[in-house]
Amino acid sequence: MKDMILIIEDDKDIAAIEKDYMEINGYGAVIRGDGIEGMEAALTGHYSLILLDVMLPGMDGFEICRKIRDKIDTPILMVTARNTDIDKIRGLGLGADDYIEKPFSPAVLAAKVKSQLAQYRRLRGAKELRRISLGGLTIEPDTRRVFVGDRELSLPNKEFELLAFLMENPGIVFSRETLYTRIWGMDSLGSTDTIPVHINRLREAVEENPSKPRHLLTVWGVGYKFQP
């Protein structure tokens, strides 16, 4: 499977050049021209590297980097027109792995991408991806991938975390309050009423018959559990 590169860039001409050079060098590439859409795409964990512009509509590259870095370890290469050390330091401090300045040579960009991917794989070494397979469902917590049999699903971030937590603790019943605290955090503003909503969405995604679930079970008056 070829590496997929996520390009978060609002300048259509630059994005097209980046995409062309990624494909010429054997990578797949997807473009998102808005900061919020780019962040949502990044959080799926489906990409091998992220080319992240600094100046974006919706949300700038620094904020995107800050929000995604503690959730995914995908290499981030920041693309900036700003030729100041403070922006480079800020980007690297927020978790970017490297940067390239506009205007750039597409060949240099491709070389940096190749270098970052190689470095990422060296750092991971021969580490085997952690997989949890129960009852025909498989999750990879490190890559945030989900499979029903051989079919890969795309789940929203919180629903993935909820499914992963339940599958990592099979057979254990958790109350709404416990699940909300573990997934959303104690300081989150919201209601535990969101838990059954997300459970129902997960059933629609992973259960053969969502109205008669085999895995994501309700224990009435207590909470929810994952039954292998």
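Let me start at Ile139, in this predicted model. Leaving aside its neighbours within four places in sequence, Ile139 is in contact with Arg130, Arg131, Ile132, Arg145, Val146, Phe160, Leu163, Ala164 and Met167.

Ile139 belongs to the largest nonpolar core, a set of 27 residues. Those with the most contacts inside this core are Ile139, Leu163, Leu166, Met167, Leu179 and Phe226. Which elements each supply at least two residues of it? Among the strands they are β6 (132-134), β7 (137-140), β8 (145-148) and β11 (223-226), and among the helices α6 (157-168), α7 (176-184) and α8 (194-206). Helix α6 gives the most, with 7 residues. A second core, separate from this one, has 20 residues, including Leu6, Ala41, Ile72 and Ala96.

With the cores in place, I turn to the chain as a whole. The protein chain has 8 helices and 11 strands, and its C-alpha trace spans about 60 × 35 × 30 Å along the principal axes. Of its 228 residues, 44% are buried. Among contacts with a separation of 6 or more, 54% are between residues 24 or more positions apart. The exposed area is about 12,100 Å², of which carbon and sulfur atoms supply 51%. As for charge, there are 31 positive and 35 negative charges, and their mean positions lie 5 Å apart.

I continue with strand β1, residues 4-8, where Ile7 is located. Is Ile7 buried or exposed? Its relative accessible area is 0%, so Ile7 counts as buried. Not counting residues up to four places away in sequence, Ile7 touches Ala15, Glu18, Lys19, Ala29, Val30, Ile31, Arg32 and Leu51. Ala42 is 35 residues from Ile7 along the chain, and the two C-alpha atoms are separated by 9.6 Å.

Next come β4 and β5. Strand β4, residues 76-80, pairs with β5 in the parallel sense over 4 bridges. One of the partnerships joins Met78 to Tyr99 of β5. In a regular strand, side chains alternate between the two faces of the sheet. Strand β5, residues 98-101, shows this alternation: Asp98 and Ile100 point to one face and are buried, whereas Tyr99 and Glu101 point to the other and are not.

Thr80 is also found in β4. Thr80 has a relative accessible area of 5% and is therefore buried. Setting aside residues up to four places away in sequence, Thr80 touches Val54, Ile100, Glu101 and Lys102. Lys102 appears again in the backbone geometry: the peptide bond from Lys102 to Pro103 is cis, with omega near -10°. Pro103 is placed in the loop between β5 and α5 (106-124).

Why remark on such a bond? Most peptide bonds are trans, and most residues other than glycine have a negative phi. The second half of that statement bears on Arg144, a residue other than glycine whose phi is positive, near 60°. Arg144 is found in the loop between β7 and β8. Its relative accessibility is 14%, so Arg144 counts as buried.

I now move to the strands β10 and β11. These two pair in the antiparallel sense over 4 bridges, and the bridge partner of Leu217 in β11 is Lys225. Their hairpin has 3 residues between the strands, and in it Gly221 takes a positive phi near 80°. Which residues of β11 are buried on each side? Gly223 and Lys225 are buried on one side and Tyr224 and Phe226 on the other, which leaves both faces of the strand covered. Phe226 has already been named, as one of the residues with the most contacts inside the largest core.

My last residue is Glu207, in the loop between α8 and β10 (216-219). Glu207 is buried, because its relative accessible area of 7% is under the 20% cut-off. Which residues does Glu207 touch, not counting those up to four places away in sequence? They are Leu202, Pro213, Arg214, His215 and Leu216. Gly26, by comparison, is 181 residues from Glu207 in sequence and 36 Å away in space, C-alpha to C-alpha.

Terms used. Residues are numbered from 1 along each chain as its sequence is written. This is a predicted model: local features need pLDDT of at least 70, side-chain atom pairs count only at pLDDT 80 or more; totals for chains, interfaces and linings use all residues. Side-chain values use heavy atoms; hydrogens and water are left out. Buried means under 20% relative accessible area, exposed over 50%, partly exposed in between (1.4 Å probe, protein chains only). Contact means heavy atoms within 4.5 Å. Accessible areas come from the Shrake-Rupley method with a 1.4 Å probe; for residues, only the protein chains shown count as cover. Lys and Arg count as positive and Asp and Glu as negative; His and the chain ends are not counted. The place of a charge is taken as NZ of Lys, CZ of Arg, CG of Asp or CD of Glu. A nonpolar core is a set of buried Ala, Val, Leu, Ile, Met, Phe, Trp, Tyr and Cys residues joined through side-chain atoms within 4.5 Å. Two strands pair if DSSP finds at least two bridges between them.
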